[in-house]
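Subject: Structure for your attention

Dear colleague,

Please find below the structure that I am handing over to you. My findings follow it.

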2 protein chains.
Amino acid sequence: MTTILMASHQDPVDLWRDALAMEMPELEFRAHPDGGNLAEIDYALVYWAPHGLIASLPNVKAVLSIAAGCDHILADPQLPPHLPIVRMVDDFLAAMMAEYAVYGVLHFHRDMHYYRREQLQSQWSRAWPLYTPDTSVGILGLGAIGGDCARKLGALGFQVHGWSRGPKSMEGVICHHGPDGLLEMARQCRYLVCVLPLTGETRGIINERLISAMPKGGFIINIARGGHQVDDDLLAGLDSGQLGGVFLDVFNQEPLPSEHPFWQHEKVWLTPHVAGELMPRSCAKSVAANIRRIEAGEPALDLFDKERGY
Amino acid sequence: MTTILMASHQDPVDLWRDALAMEMPELEFRAHPDGGNLAEIDYALVYWAPHGLIASLPNVKAVLSIAAGCDHILADPQLPPHLPIVRMVDDFLAAMMAEYAVYGVLHFHRDMHYYRREQLQSQWSRAWPLYTPDTSVGILGLGAIGGDCARKLGALGFQVHGWSRGPKSMEGVICHHGPDGLLEMARQCRYLVCVLPLTGETRGIINERLISAMPKGGFIINIARGGHQVDDDLLAGLDSGQLGGVFLDVFNQEPLPSEHPFWQHEKVWLTPHVAGELMPRSCAKSVAANIRRIEAGEPALDLFDKERGY
């Protein structure tokens, strides 16, 4: 009997149980804190599991992340060092992130931030829009998620730039890489969308240097991790007019503390970390595929790479 | 010398002059009220021109609309009855309308109406999103604009339905037609987007009958003409909960009167008729192409058809 233990304070346990039962009826599903005999657990399926939980599973073969990023697993100081960690790479997750990216870019591009303010004052006043084919969007991160964002923004007619750690090429995308490439891209883009993994290299990447490289009045959409942004630099950019607005789904502290200036800032639009929900029905397919590979003695797909940091 | 007279209270005359000079340097451009000798005018390029202006041009060969719809021309009681009227069919206009349609659908689909309210109260509270591939969007109107909306919503993963007056087929779109087809479509769609021309048949099409056919809590986006919607039926649907929200760009009276309940209704998001601005740079190409055809004795492309009403 292969057994999986799910531990997440926010994902829907019942939907996961049903979805995994559909994909892999032979898998026994348990949900923390009802793990039973922990020596029976083969796989841990987690999102911010309690620290020490994974270490308490003597026979666990791999940890599967219920998120694109694995920061929530690495944060556990008792994490056994050599345990394989599997990232969640899911088409639907990428599609959902791309929906948010498209929405966020169009929000500012079509002056919806302005029109909403006007509506609340019962004012009929038109802004003159920009010509989309002349407008550049830069995507920070060109993995599965960034690629889908690029494709969908490109289909809307935007000029799409993308940035990655090392050189990449992607059809229809003007590709940049490395620290200089980042600023070179920022200088050309009215909109920047961040979908990077959070690593030592990318922490704080949305900072004064990046913001000041952008054309005046640009916009940033961060749907990756709060750790990518330096809050004070965003606020300074917004207040000086260097930034026209930001759409943020992620924060350095979540839930965002109620006294944080982002909540009531007139140029900040925010959502509570919902850009990329994982749909159990879709994700269960890759969870099942990875478990089958590991059970067959093959390496999992989408293994977390400690060197790269994602 | 071929001469064109532009008459619009809102379009940017200088941009139109420059754009037409690029496409057709031999064309003389004049702007109302500086039309000079009106006997010299060959073409009228208009958006809500003063009534009687077109009739005062003795040698005008055609009226070119600075809008996808021609209602603003037909409203002139002194319009000479047999004058050819040319609709504005422009790829960029269609793309811009599709941007708005995508934005409007995602706005509700990703609960942005909800999250904005939560933000203003500094509340961190997540809604559970719907699975996009299970969600249907219905587009009223399957011309150049509706086709582009369908393609772009389909690329985001939605199930796309479309409705037209007569039977049509379009790849990736579940097509409906006629009065029964309209209700059949509405019954299956969480979101309806209206991009129809305004005709005797389509006036008031967004009414109690259509709204009550939709699944409870559905959403309507109207970016066509205000005359398509029955305001009281929209308000009744919003207040009963049959409608979850509406995104409106067009109104029965424009500018929308400041006392109209739409302005401050918590389920209404609105913009001041900006979904499809015409970019002179893009539109000047089709204006020039049509003038060249007429000058060569050929019929204009995109002629307004009085029988069909568009």
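In what follows, helices (H or I, at least four residues) and strands (E, at least two) are DSSP runs, numbered from the N terminus. Please note that this is a predicted model.

I begin with a pocket. The second largest pocket has a volume of about 890 Å³. It is lined by 49 residues, and those closest to its centre are Ala68(A), Gly69(A), Ile145(A), Val195(A) and Pro197(A). At least two lining residues come from each of these elements of chain A: helix 2 (71-74), helix 3 (91-109), helix 5 (144-155) and strand 7 (159-164). Both domain 1 (2-90 + 278-295) and domain 2 (91-270) of chain A contribute at least three residues to the lining of this pocket. By character, the lining comprises 25 nonpolar, 12 polar and 12 charged residues.

Next, the arrangement of the chains. Chain A is superposed on chain B by a rotation of 180° with 0.0 Å of shift along its axis, at an RMSD of 0.1 Å. This is the relation of a two-fold axis. Within chain A, Tyr103(A) has the C-alpha nearest the axis, at 2.9 Å from it. Of the interface residues of chain A, 100% are also interface residues in chain B, so the copies meet through the same surface.

Finally, the aromatic rings. Over all chains there are 23 aromatic pairs. One of them, Phe108(B) with Phe247(B), is edge-to-face, with 6.2 Å centre to centre and 70° between the planes. This pair links distant parts of the chain, 139 residues apart: Phe108(B) belongs to helix 3 (residues 91-109) of chain B, and Phe247(B) to strand 11 (residues 243-248) of chain B.

Yours sincerely

Definitions and conventions
Residues are numbered from 1 along each chain as its sequence is written. Chains are lettered from A and ligands numbered from 1 in the order in which they are written. This is a predicted model: local features need pLDDT of at least 70, side-chain atom pairs count only at pLDDT 80 or more; totals for chains, interfaces and linings use all residues. Side-chain values use heavy atoms; hydrogens and water are left out. On a 1 Å grid over the protein atoms alone, a cavity is a set of points where a 1.4 Å probe fits but cannot get out, and a pocket is an open set with protein on both sides within 12 Å along at least five of seven lines; lining residues have an atom within 4 Å of a point. Grid points are joined across faces, edges and corners, and a volume is the space filled by probe spheres set on the points. Ala, Val, Leu, Ile, Met, Phe, Trp, Tyr, Cys and Pro count as nonpolar, Asp, Glu, Lys and Arg as charged, and the others, Gly among them, as polar. Domain bounds come from an automatic or database domain assignment. Copies are superposed by least squares on the C-alpha atoms of residues with pLDDT of at least 70 in both. Contact means heavy atoms within 4.5 Å. Rings of Phe, Tyr and Trp (its six-membered ring) pair if their centres lie within 6.5 Å; planes under 30 degrees apart count as stacked, over 60 as edge-to-face and the rest as tilted.
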